[in-house]
Amino acid sequence: AMNKKKVMFIIPHLGSGGAERVVANLCNGLPDYEKTVLIFENIIKHKVEAWIISINSPATQNLFKKLLNFPVRYLRIRKIKEEIKPDFVVSLLEPANLFNVLTKISSQKTILSFHSNYTASLRENPFFGKGITRSILKMFYPLAFKTIYNRADLLVAISKGVAEDLIKNYGINSNKVKVIYNPYPIDEIRELAKEPLGSHEEIFKHPVLITAGRLTKQKGQWYVLRIFKALKEKHKDLKLVILGEGELKEYLVGLSEELGLKTYVWDKDELSESFDVYFLNFQKNPFKFIARSKLFVFPSLWEGFGNVLVEAMACGVSVISSDCRSGPREILAPNMDFNYQTQKPEFAEYGVLMPVFEVKYKSAEEPLGEKEMMWVETVDKLLEDESLRKNYSEKAKQRAEDFRIEKIVQEWRDVLR
């Protein structure tokens, strides 16, 4: 048909993160649109039903190159928009959002999608630089958002927490903000969850705690290692599986070994069931591992939404999550005030919410803090009480349905028309 609407997505790259997966899911869920994905850097880890254009302008830490990147990106993006003439241009993540607004063409609807809680990120996220850079950004962002981002036609926030952050702390015009949760291919996740485990079969003959996410500060995996160590004293047979890769690998593996845990690392050990902790790298299909675990543990220190939480729920696994900003509370306790933050274990409707840990690396010698002790007791309770786990497993599956790709794509269609 000649009259297919054209939508263009702009994102730094299509690597293995949450926003990248959203683009893939949306493209695959909008067969009746003509789709283009413009990326800055040629990294593609997803099957995307769209025409992909890379402007070959990778991110850099070098200030001079950063400055050089600016006009290059601006001109290339502007040119591509003029050539393709999309009806809608949807950008995700920084700096794609910034360039999308700056290259705005009035006949094209400019939509920015926000995946992180900027206030929480600017407080903690190393991505935003250190010291002076961070101070400048802290001043620059509220100003830039107010003056530049308000020029967009619509700002889509990934959670109510992110939406409120944009409106309250960044002066974004509230009638331009819409909350649309991330889409998940629930049926596909459930199919993948059934795949055989192959050589990993042995591990899952034992009760397994599992966590998944990049090995970075934000994800707080070191706390799970410390909690797991305490649980091992009572649950001798318990195993811990950590899915993901990232810059904290050395630290986490080291901590695990210092805690006296027998640690399997994907690139150096022979797989067997004699280990306590398994670092299994980034997995294309994490679902087959998650589905066979007793409990999904999510210790994040800050989030935009917490994709993997919904994926674990779709697999029918009970989840225990930190009540970090933002996302987990909206997912697990949708009928509560999303601003509330718990100081003690909260057995919410669809999973368990826990106090957030402090953003601070720990050593093996440091005794468990009060919050860690709460987590130990609560995980223990969930491991002991099978009916509680079964109940949460059912509730999790039910809640995951709300994030079905079919339902969420419908909400995007309302925006893209």
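Trainee: Which helix gives the largest share of the lining of the second largest pocket, and what makes it a helix?

Mentor: The largest share, six residues, comes from α14, which spans residues 386–400; this run is called a helix because helices are DSSP runs of H or I with at least four residues, while strands are runs of E with at least two, both numbered from the N terminus. This is a predicted model, in which local features need pLDDT of at least 70, side-chain atom pairs count only at pLDDT 80 or more, and totals for chains, interfaces and linings use all residues. Residues are numbered from 1 along each chain as its sequence is written, and side-chain values use heavy atoms, with hydrogens and water left out.

Trainee: Why is this space called a pocket, and which residues lie nearest its centre?

Mentor: On a 1 Å grid over the protein atoms alone, a pocket is an open set of points with protein on both sides within 12 Å along at least five of seven lines, whereas in a cavity a 1.4 Å probe fits but cannot get out. The second largest pocket holds about 320 Å³, and its lining has 17 residues, with Ala291, Ser293, Lys294, Gly316 and Arg389 nearest the centre; lining residues have an atom within 4 Å of a point.

Trainee: How many cavities does the structure hold, and what lines the second largest cavity?

Mentor: There are three cavities of 30 Å³ or more. The second largest has a volume of about 40 Å³, a volume being the space filled by probe spheres set on grid points joined across faces, edges and corners. Its lining includes Arg21, Asn25 and Glu311, and α1 (18–29) gives the largest share, four residues. By class, this lining divides into three nonpolar, four polar and two charged residues; Glu311 and Arg21 are charged because Asp, Glu, Lys and Arg count as such, while Ala, Val, Leu, Ile, Met, Phe, Trp, Tyr, Cys and Pro are nonpolar and the others, Gly among them, are polar.

Trainee: What is the order of the strands in the open sheet, and why are β10 and β14 said to stand at the edges?

Mentor: The eight strands run β10-β11-β9-β8-β12-β13-β15-β14, with mixed pairing. Both β10 (263–265) and β14 (346–347) have a single partner strand, so one side of each is left without a neighbour in the sheet.

Trainee: How do you know that β14 and β15 pair?

Mentor: Strands β14 and β15 (residues 352–354) share two antiparallel bridges, and DSSP must find at least two bridges between strands, so they pair. Phenylalanine 347 stands opposite valine 352 in β15.
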